[in-house]
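Open the model in your viewer and keep the selection panel at hand. Each stop below names what to pick next and what is there.

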Amino acid sequence: MENPRLNIAQRVWVEILWGGMRFFAAMPYWFKYYVVENVFFFLLYYVLRYRRKVVWTNLRNSFPDKSDAELWIVRRKFYRTLAEIFVDTVDMAHKNEDKAREMLTIERGDEQALRVHGRDWIAMLAHFGCWEYCSYWGLFEPSQMVVAVYHPLRSPVMECLYQRLRNSSFATTVAMKECVRFYVRHRETGIGGKNMVLGLIADQNPPRRPNSHWFSFLNQDTIFFDGGEKLALKFRLPVYFVRMERIQRGRYRMSFELLYDGVEEVAENEITERYVRRLESMICERPELWMWSHRRWKHKR
């Protein structure tokens with residue numbers, strides 16, 4: 001992905017911010033996760049009260065059987081997660097293989113590497129825990145390149161910073177609207193001879209269309225992006241759900257669950273339905289790790 005065009009002032013800001021991020025990433029683990037994270041949590045939860053109403057409404061509608069006391073606990077833990085994700089993301093400015101392997105372990109990674117060896121596939125992710133760590137898969141399986149499909153940010157400065165964080169020898173980015181053309185262009189040769197893993201964060205709020213399919217998700221009618229399913233069926237690509245498990249601050253375990261093998265005949269919306277059910281189960285197990293501050297249910301049936 002090419003960097004956005006920047007004027008001189010924006011370039012200066014990018015270099016200043018990037019230098020600060022690199023400096024922060026080089027600090028000791030205890031300082032980042034037990035000092036900075038605590039300070040950031042205090043600011044988000046008690047001072048800024050960041051999107052408190054949105055978070056509470058989403059939790060209340062998603063878990064009508066939980067008491068207010070239970071939801072308060074989930075809400076507070078969520079803001080702790082939000083603070084931690086900030087630290088996790090900035091910490092990725094220091095790209096070091098040993099450090100990446102400390103941040104992320106992969107459950108049965110060798111088995112997954114054998115299953116997808118020599119072929120392209122789709123990884124369906126969610127805004128759950130530190131989803132940015134998923135790009136490290138290319139470190140564990142060097143024959144594959146992670147292609148992170150995303151929405152470009154409005155701020156050219158932040159867009160440039162995020163591209164620096166996400167792009168490396170084992171991962172690259174492509175805008176959602178360019179995804180299909182990008183894949184068609186590279187499907188024969190791969191990227192640098194590597195097979196592609198299309199990473200799709202599918203739990204965002206898509207634009208509503210007349211033919212949008214509605215799913216029952218967390219006790220609410222919900223529409224989902226169906227780009228992953230369309231890509232899988234068009235190019236016969238296997239699809240895996242990426243499950244993230246938080247072990248401790250800044251440390252995660254990642255595993256994969258097969259949703260579609262690239263061959264099976266499935267009904268319309270079946271692949272997306274399988275994704276929705278896996279996501280719902282994961283959220284119910286650890287609700288504090290999902291991004292409740294998103295305005296996920298702006299559309300109504």
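Select Thr 105. Thr 105 stands opposite Arg 253 in strand β9. This is a predicted model. Now widen the selection to both strands. Strand β1 (residues 104–106) and β9 pair in the parallel sense, over 3 bridges.

Stay with β9, residues 251–260. Is this strand enclosed or open? Count the buried residues: 7 of its 10 are buried, so β9 is largely enclosed by the rest of the structure.

Add strand β8, residues 239–248. β8 and β9 pair in the antiparallel sense, over 9 bridges. Pick out Phe 241: its bridge partner in β9 is Glu 257. Then go to the hairpin of the two strands, which has 2 residues between them. There, Gly 250 takes a positive phi near 75°.

Next, select strand β2, residues 121–125. β2 runs parallel to β8, and 3 bridges join the two. Return to Phe 241, the bridge partner in β8 of Met 124.

Now show the whole sheet. How many strands form it, and in what order? There are 7 strands in an open sheet, ordered β1-β9-β8-β2-β5-β3-β4, with mixed pairing. Go to the edges, where β1 and β4 (171–175) stand. Each has a single partner strand, so one side of each is left without a neighbour in the sheet. Look along the sheet for its twist: neighbouring strands are turned by 30° against each other on average, direction ignored.

Add helix α9, residues 179–186. α9 packs on the sheet and touches β3 (144–150), β4 and β5 (195–201). The direction of α9 makes about 170° with that of β5.

Move on to Tyr 275. Its contacts include Met 124 and Phe 241, both visited above, along with Leu 125, Ala 126, Ala 202, Asp 203, Phe 224 and Leu 259. This count leaves out residues up to four places away in sequence. Tyr 275 also belongs to the largest nonpolar core, which has 95 residues. Colour Tyr 133, Trp 137, Tyr 275, Leu 279 and Trp 292, the residues with the most contacts inside that core. Which helix gives the most to this core? Helix α4 (residues 68–91) does, with 9 residues.

Keep α4 on screen and add helix α2, residues 29–48. α2 bends by about 30° at Glu 37. Glu 37 is also one of the buried residues of α2, together with Lys 32, Tyr 33, Val 36, Phe 41, Leu 44 and Tyr 45. What covers them? The cover includes α1 (8–25), α3 (52–62), α4 and α5 (97–103). Step just past the end of α2 to Arg 49, which takes a positive phi of about 50°.

More such backbone angles wait at the last stop. Most residues other than glycine have a negative phi. Select the loop between β6 (214–217) and β7 (220–223), where Leu 218 is found. Phi of Leu 218 is near 55°, a positive value. Asn 219 is found in that loop between β6 and β7 too, and has a positive phi of about 65°.

Now show the surface. Is Leu 218 buried or exposed? Leu 218 has a relative accessible area of 2%, and under 20% counts as buried. Asn 219, at 56% relative accessibility, counts as exposed, because the cut-off for exposed is over 50%.

How values were computed: Residues are numbered from 1 along each chain as its sequence is written. This is a predicted model: local features need pLDDT of at least 70, side-chain atom pairs count only at pLDDT 80 or more; totals for chains, interfaces and linings use all residues. Side-chain values use heavy atoms; hydrogens and water are left out. A nonpolar core is a set of buried Ala, Val, Leu, Ile, Met, Phe, Trp, Tyr and Cys residues joined through side-chain atoms within 4.5 Å. Buried means under 20% relative accessible area, exposed over 50%, partly exposed in between (1.4 Å probe, protein chains only). Helices (H or I, at least four residues) and strands (E, at least two) are DSSP runs, numbered from the N terminus. Contact means heavy atoms within 4.5 Å. The bend at a residue is the angle between axes fitted to the seven residues ending there and the seven starting there. Two strands pair if DSSP finds at least two bridges between them. Axes are lines fitted to C-alpha atoms, for helices over the stretch in contact, and angles run from 0 to 180 degrees between N-to-C directions.
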